[in-house]
Every structure is written in structure tokens, then in C-alpha cells.
Amino acid sequence: MARVETALSQELERSMNMQVRVETFSEHLRHGDIIDQLDDERRIKSFNLDKWNEDMQKSFAKTRKTILKLDDLTEIKEALKELDKKVNSFNKTYFKKIKQIRALELEYEKLDDELRTWLIEYATKCRSKLRDENSSIEKKMMEENIVKRFM
């Protein structure tokens with residue numbers, strides 16, 4: 001025999017479903033917070049890398065000024081070779097790190113966009129389900145009230 005659903009049992013089911021949906025939202029927002037924290041760490045690394053670049057460029061400029069004061073051509077040539085090694089070494093490291101940081105930025109932005117899109121779609125589905133569940137419960141309550149009046 002089929003179970004007879006009352007408006008009260010439907011209301012309880014709707015309430016429990018709503019609780020699950022809210023918890024799902026909460027969990028996904030927590031994931032969004034983790035993505036945001038990771039992106040904050042990436043941003044700090046990026047700022048530090050920019051500061052390091054600025055400091056190194058100042059150091060290279062200072063070294064060039066020192067080289068320009070030299071009179072001996074052999075010393076100048078050796079000093080320029082040494083500066084060139086330092087600049088090349090710095091550039092190799094700097095561009096490797098900046099590439100990694102930019103890749104992370106794109107990945108975190110993608111994750112954030114996907115999460116936001118999912119939450120919007122989920123909210124739309126939840127709103128629709130809630131509307132349908134409320135309509136069903138209201139219909140059942142009206143039917144039960146009519147039966148009670150005429151009994």
C-alpha cells in the first residue's frame with residue numbers, strides 16, 4: 001500500500017531538503033575561501049618578486065655606474081662580463097618565477113569563476129525546487145483543509 005503524504009510530512013521533507021541545500025552552499029563557499037587564500041599567497045609572492053626585481057635593477061644600475069668610472073679597458077671588460085653573468089642569472093630565475101606566478105593566477109581565477117558560475121546555477125535550481133515544493137505543500141494543505149471542512 002502506498003504511503004499517504006500529508007502536508008506536514010511534505011513540509012518536513014522540504015525543510016530537510018532546504019537544510020541540505022544551504023549546507024551545500026556553505027561548503028562551496030568554504031572552498032571559495034580556500035581559493036581566495038591561495039590567491040592571496042600568490043599575490044604576496046608576486047609583490048615580493050616585483051620588489052626583488054626593483055632592488056636588483058637598482059643594484060645593476062649602481063654596478064654600471066661603477067664600471068663607467070673605470071679607466072682600464074681590461075677591468076671594464078671583466079666587470080661587464082661579471083655584470084652580464086649576474087643579469088643573465090637574475091633574468092633566468094626571475095622569468096621562471098614570474099611565469100609560475102602568472103600560471104597560478106590564471107588557475108585560481110579559473111577556479112573562482114567556475115565556483116561562482118556553479119553557485120549561481122545551483123541557486124537558480126534551488127529557487128525553482130523550493131517554489132515547486134512550496135506549491136505542492138500549499139496544494140496539499142488546501143486539499144486537507146477542504147476534506148476537514150466537509151467531514
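Contact, in these legends, means heavy atoms within 4.5 Å. The model shown in every figure is predicted.

**Figure 1. Overall view of the protein chain, with its 2 helices and 0 strands.** The radius of gyration of the chain is 33 Å, whereas the globule rule gives 15 Å for 151 residues; the chain is therefore more spread out than a compact globule. Along the principal axes, the C-alpha atoms fill a box of roughly 115 × 25 × 15 Å. Of the 151 residues, 18% are buried. Among contacts with a separation of 6 or more, 86% are made by residues 24 or more positions apart. The exposed area of the chain is about 12,200 Å², of which carbon and sulfur atoms supply 57%. The chain carries 32 positive and 31 negative charges, and the mean positions of these two sets are 3 Å apart.

**Figure 2. Close-up of T6, in the segment before α1.** T6 has a relative accessibility of 35% and counts as partly exposed, because the partly exposed class covers values between 20% and 50%. Beyond the residues up to four places away in sequence, T6 touches K140 and E144. A further residue for this view is E143: 137 residues separate T6 and E143 in sequence, yet their C-alpha atoms are 9.8 Å apart in space.

**Figure 3. Close-up of Q10, a residue of helix α1.** Helix α1 spans residues 7–68. Q10 has a relative accessible area of 14% and is therefore buried, since the cut-off for buried is under 20%. When residues up to four places away in sequence are set aside, Q10 touches E5, S136, I137 and K140. K140 thus appears in two of these views, as it is touched by T6 and by Q10.

**Figure 4. Close-up of the aromatic pair F60 and F90.** The count of aromatic pairs comes to 6. In the pair shown, the ring centres of F60 and F90 are 5.7 Å apart and the planes stand at 75°, so the pair is edge-to-face; the cut-off for that class is over 60 degrees. The pair links distant parts of the chain, with F60 in helix α1 and F90 in helix α2 (residues 73–149), 30 residues apart. Both partners are buried: F60 has a relative accessibility of 3%, and F90 has one of 4%.

**Figure 5. Close-up of the aromatic cluster formed by W52, F60, F90, Y94 and F95.** Ring pairs join these residues into the cluster. F60 and F90, the edge-to-face pair of the preceding view, are thus members of this cluster. Another member is Y94, which is placed in helix α2.

**Figure 6. Close-up of Y94 and the residues it touches.** With a relative accessible area of 10%, Y94 is buried. Leaving aside residues up to four places away in sequence, Y94 touches L49, D50, W52 and N53. Of these, W52 also belongs to the ring cluster that includes Y94. D50 lies 44 residues from Y94 along the chain, and the C-alpha atoms of the two residues are separated by 9.3 Å.

Note on methods:
Residues are numbered from 1 along each chain as its sequence is written. This is a predicted model: local features need pLDDT of at least 70, side-chain atom pairs count only at pLDDT 80 or more; totals for chains, interfaces and linings use all residues. Side-chain values use heavy atoms; hydrogens and water are left out. Helices (H or I, at least four residues) and strands (E, at least two) are DSSP runs, numbered from the N terminus. The radius of gyration is taken over C-alpha atoms; the globule rule is 2.2 Å times the number of residues to the power 0.38. Buried means under 20% relative accessible area, exposed over 50%, partly exposed in between (1.4 Å probe, protein chains only). Accessible areas come from the Shrake-Rupley method with a 1.4 Å probe; for residues, only the protein chains shown count as cover. Lys and Arg count as positive and Asp and Glu as negative; His and the chain ends are not counted. The place of a charge is taken as NZ of Lys, CZ of Arg, CG of Asp or CD of Glu. Rings of Phe, Tyr and Trp (its six-membered ring) pair if their centres lie within 6.5 Å; planes under 30 degrees apart count as stacked, over 60 as edge-to-face and the rest as tilted.
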